Number of protein chains: 2
Amino acid sequence: MTKNDAFDLQNFLPYLLNQAAEQSSLEFQRIYKDRYGLLRTEWRVLFHLGMYGDMTAKEIGARALTHKTKISRAVSRLAQRRYITRTRSENDRRAELLALTPAGQGVYQELRGIAEDYDARLERRFSRGEGALLRMMLRRLAGLDD
Amino acid sequence: MTKNDAFDLQNFLPYLLNQAAEQSSLEFQRIYKDRYGLLRTEWRVLFHLGMYGDMTAKEIGARALTHKTKISRAVSRLAQRRYITRTRSENDRRAELLALTPAGQGVYQELRGIAEDYDARLERRFSRGEGALLRMMLRRLAGLDD
DNA sequence: GAATATTAGTTGTTTTTGTAACTAACAAGG
DNA sequence: CCTTGTTAGTTACAAAAACAACTAATATTC
């Protein structure tokens with residue numbers, strides 16, 4: 001009658017994922033937050049532009065699986081800080097093309113270095129091969145491979 | 001000069017962890033949210049009590065790595081719905097011992113079943129052994145093993 | 001054993017998020 | 001064209017989270 005299988009909260013995947021994500025995000029944020037006061041979505045927008053080149057808010061939202069209002073607000077704040085510019089698109093005047101300013105480029109470069117270091121530090125917690133497998137599984141769970 | 005190593009946002013662990021966590025949490029919430037209208041922290045408090053027995057808000061916070069104000073508010077709402085009772089502790093009258101009511105037990109049992117099913121469904125996305133490894137790595141990242 | 005510091009939990013205020021409704025531009029069908 | 005529908009992005013309002021300040025009880029220390 002009573003379930004005696006090994007289900008445990010500490011092994012429940014959504015719970016574990018949340019804990020791990022929160023933990024590493026907090027730890028990572030402690031490194032860069034004070035530096036530039038960027039919110040997570042702002043950080044993401046910055047990285048998308050820095051890493052993949054100019055694009056519209058919509059494209060960022062699609063890639064990052066993030067709702068457009070979140071993107072919109074992040075873009076506003078980044079523009080206010082003069083990290084990005086917004087240029088209305090020629091062919092579709094609803095959309096605007098986002099691009100990093102030199103200042104934004106600088107911030108991106110520095111944050112990217114920090115991210116690489118932090119990532120490498122996390123990687124060191126796993127044996128060779130484990131890290132790659134972990135990333136693959138997470139990508140699958142995140143639906144990034146679809 | 002230019003970094004040409006393989007760093008990619010789509011492989012950055014904190015980013016991936018967040019995406020995966022958000023994705024699975026949202027999906028899982030869609031299953032139980034409408035059912036009982038529980039918020040995530042409320043769900044967690046309920047599960048801690050159901051799974052590990054009566055304890056104080058503080059203990060739950062420590063186990064779940066959750067801030068006390070979040071726990072406090074979750075406890076209030078659970079008590080309002082008569083899912084838990086709060087009894088002032090004998091030896092320390094600041095603390096109160098939390099316990100599930102029969103109604104709370106019932107909800108917990110049902111939600112636990114749902115959780116087990118969902119977890120099993122996620123597990124099926126991975127080959128034998130991968131799932132266990134994933135959980136282990138996540139526990140390590142979450143700092144649950146310390 | 002009074003003064004001080006700590007701890008369990010709550011409450012109030014500010015940020016951030018989620019959701020819906022909105023504007024302006026485009027697309028398609030008649 | 002001109003009505004109807006869709007899309008990019010914003011804004012307004014409600015829900016939730018973060019953070020700080022608070023109360024009341026307990027520990028500590030001199």
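In the predicted model, a phosphate oxygen of DNA strand C lies 2.6 Å from a polar backbone atom of Arg93(A). A second approach to a phosphate oxygen of DNA strand C involves Arg77(A), which places a polar side-chain atom at 3.4 Å. Chain B also takes part in the contacts with DNA strand C: a polar side-chain atom of Lys68(B) is found 2.8 Å from a base oxygen. In total, 21 residues surround DNA strand C, and the closest of them are Arg73(A), Arg93(A), Lys58(B), Ser72(B) and Arg94(B). Sugar or phosphate accounts for 49% of the atoms of DNA strand C within 4 Å of the protein, and the rest belong to bases. The surface near DNA strand C is made up of 12 charged, 6 polar and 3 nonpolar residues. Three helices each contribute at least two residues to this surface, namely helix H4 (68-80) of chain A, helix H3 (57-64) of chain B and helix H4 (68-80) of chain B.

DNA strand D is surrounded by 20 residues, of which Lys58(A), Lys68(A), Ser72(A), Arg86(A) and Arg94(A) come nearest. Of the atoms of DNA strand D that come within 4 Å of the protein, 61% are accounted for by sugar and phosphate. Polar contacts with this strand include both backbone and base positions of the DNA. An N or O atom in the side chain of Arg86(A) is 2.7 Å from a phosphate oxygen of DNA strand D, and a backbone N or O atom of Glu96(A) lies 3.2 Å from a phosphate oxygen of the strand. From chain B, Arg94(B) directs a polar side-chain atom to a distance of 3.4 Å from a base nitrogen of DNA strand D. Two or more residues of the surface near DNA strand D are given by each of helix H3 (57-64) of chain A, H4 of chain A and H4 of chain B. The residues of that surface divide into 12 charged, 5 polar and 3 nonpolar.

The arrangement of the two protein chains was examined next. Chain A can be laid on chain B with an RMSD of 0.2 Å by a turn of 180° combined with a shift of 0.1 Å along the axis. The two copies are thus related as by a two-fold rotation axis. Of the interface residues of chain A, 100% are also interface residues in chain B, so the copies meet through the same surface.

Each chain also contains a sheet. In chain A, 3 strands form an open antiparallel sheet in the order E1-E3-E2. Strand E1 (55-56) and strand E2 (84-88) of chain A stand at the edges with a single partner strand each, so one side of each has no neighbour in the sheet. E2(A) is joined by 5 bridges to strand E3 (residues 96-100) of chain A, the two running antiparallel, and Thr87(A) stands opposite Leu97(A) in E3(A). Helix H2 (residues 40-52) of chain A packs on this sheet, touching E1, E2 and E3 of chain A, and its direction makes about 85° with that of E3(A).

In chain B, 3 strands likewise form an open antiparallel sheet in the order E1-E3-E2. Strand E1 (55-56) and strand E2 (84-88) of chain B occupy the edges, each with a single partner strand, so one side of each is left without a neighbour in the sheet. E1(B) pairs with strand E3 (residues 96-100) of chain B over 2 bridges in the antiparallel sense, with Thr56(B) opposite Leu97(B) in E3(B). H4(B) lies across E2 and E3 of chain B, running at about 115° to E2(B).

Notes. Residues numbered from 1 in each chain as written. Chains lettered and ligands numbered in written order. Predicted model: local features only at pLDDT ≥ 70, side-chain atom pairs only at ≥ 80, totals over all residues. Heavy atoms only, no water. Least-squares fit on C-alpha atoms with pLDDT ≥ 70 in both. Contact = heavy atoms within 4.5 Å. Near = heavy atom within 4 Å. Polar contact = N/O pair within 3.5 Å; in protein donor to acceptor, adjacent residues only side chain to side chain. Helix = DSSP H or I, 4+ residues; strand = E, 2+ residues; numbered from the N terminus. Nonpolar A, V, L, I, M, F, W, Y, C, P; charged D, E, K, R; others polar. Pairing = 2+ DSSP bridges. Axes fitted to C-alpha atoms, helices over the stretch in contact; angles between N-to-C directions.
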